[in-house]
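Hi everyone, thanks for making the time. I'd like to walk you through one structure today, so have a look at the screen.

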Amino acid sequence: MSDVLELQDVSVVREGRALVDQVSWSVKEGERWVILGPNGAGKTTLLNIASSYLYPSKGTVGILGETLGTPGTDVFELRPRIGMAGIAMADKLPKRQTVLQTVLTAAYGMTAGWQEEYEDIDEQRARAFLDRLGMSEYLDRKFGTLSEGERKRTLIARALMTDPELLLLDEPAAGLDLGGREDLVRRLGRLARDPIAPSMIMVTHHVEEIAPGFTHVLMIRQGKVLAAGPLELELTSRNLSLCFGLPLVVEQVGDRYTAQGLPMS
Ligand SMILES: Nc1ncnc2c1ncn2[C@@H]1O[C@H](COP(=O)(O)OP(=O)(O)O)[C@@H](O)[C@H]1O
Ligand SMILES: [Mg+2]
């Protein structure tokens, strides 16, 4: 399999309920996907599958050419090839480590520890990613003292540190103020348009957070795929309304999107 991600008929069942329900979805190299869906739709569960940390109850999962659960696939070789930035990660990281250390430790597959000898080249890379995310002034700050936006940008820099082939972002703009959101969208847009950047999958609730450079959208509701394909074809008012369960109008404004509910009649 040469696809970045190939899900065939994948379900995740917990307590008799399908959190992800017969999902078939493929992501090709260079594509940048947005996953849209209401709270509880199964977006994070899908990302956990894509990160190889969650095995489905049914179906087959191919990640970066490896099929999960087959003898030839070693998830410990696969995982460094995938970068993941989400809330769950932030809780695992030591609050007293500096920002630079937080990013640097990713190169060694650890969430803690500053005993190792770090290579100069790694420190340069960590600094470069932090610079790209606008975090150069915070290198020596303790991770635990960062604002929401600063923490998110640090986590994205950290996810890039292993030079992943696939980058997974779970609600990277959630909780940011308007300035923080716009700053992040701009930075993600730059990354998305960079031809040597990894394939990207970003979960969000808001079409306003879709950065220019993202190419495809997957819409899910109650674990099921509602729409999947190029943004310009699938990000329609009809699909978005079905996805969120209320009448919505989506508009393109320049290279961004905006959506709002129809006024009550
Ligand atoms: N381990 C679990 N056992 C049972 N239910 C779960 C488990 N993990 C998540 N869920 C439920 O599955 C649904 C989908 O969760 P999630 O993928 O986190 O949704 P989203 O990220 O789209 O908000 C939610 O209703 C959530 O409560
Ligand atoms: Mg979630």
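I'll go through the ligand site, then the cores, then a helix and a loop. One thing up front: this is a predicted model.

Let's start with ligand 1. Which residues are around ligand 1? Going along the chain, we have Arg 14, Arg 17 and Leu 19, then the run Pro 38, Asn 39, Gly 40, Ala 41, Gly 42, Lys 43, Thr 44 and Thr 45. Sorted by class, that shell holds 3 nonpolar, 5 polar and 3 charged residues. Two elements, β2 (17-27) and α1 (43-50), each contribute at least two residues to the shell. Of the elements, α1 gives the most, with 3 residues.

Now for some distances at that site. The side chain of Arg 17 has an N or O atom 2.9 Å from an oxygen atom of ligand 1. For the side chain of Thr 44, the corresponding distance to an oxygen atom of the ligand is 2.8 Å. With Ala 41 it is a backbone N or O atom, 3.1 Å from a ligand oxygen. How much of ligand 1 does the protein cover? The answer is 61% of the 570 Å² of accessible area that the ligand has on its own.

On to the cores. The largest nonpolar core has 52 residues, and Phe 214 and Leu 235 have the most contacts inside it. There is also a second, separate core of 30 residues, which includes Trp 33, Ile 49, Val 61 and Leu 78. Coming back to Phe 214, and setting aside its neighbours within four places in sequence, this residue is in contact with Arg 32, Trp 33, Val 34, Leu 188, Ala 192, Met 200, Met 202 and Leu 231. So Trp 33, a member of the second core, is among the contacts of Phe 214.

Next, helix α9, residues 237-244. Its buried residues include Asn 239, Leu 240, Ser 241 and Cys 243. And what do the buried residues of α9 pack against? They pack against β3 (32-36), β9 (216-221), β10 (224-230), α8 (231-234), β11 and β12. Right after α9 comes Gly 245, with a positive phi near 75°.

Last stop: Gly 254, in the loop between β11 (248-253) and β12 (256-261). Buried or exposed? Gly 254 counts as exposed, because its relative accessibility is 65% and the cut-off for exposed is over 50%. From Gly 254 to Pro 212 is 42 residues in sequence, yet 9.5 Å in space, C-alpha to C-alpha.

That's my tour, and I'm happy to take questions.

Notes. Residues numbered from 1 in each chain as written. Chains lettered and ligands numbered in written order. Predicted model: local features only at pLDDT ≥ 70, side-chain atom pairs only at ≥ 80, totals over all residues. Heavy atoms only, no water. Core = buried A, V, L, I, M, F, W, Y, C linked by side-chain atoms within 4.5 Å. Buried < 20%, exposed > 50% of the residue type's maximum accessible area, 1.4 Å probe, protein only. Contact = heavy atoms within 4.5 Å. Near = heavy atom within 4 Å. Polar contact = N/O pair within 3.5 Å; in protein donor to acceptor, adjacent residues only side chain to side chain. Areas by Shrake-Rupley, 256 points an atom, 1.4 Å probe, with all protein chains shown as cover. Helix = DSSP H or I, 4+ residues; strand = E, 2+ residues; numbered from the N terminus. Nonpolar A, V, L, I, M, F, W, Y, C, P; charged D, E, K, R; others polar.
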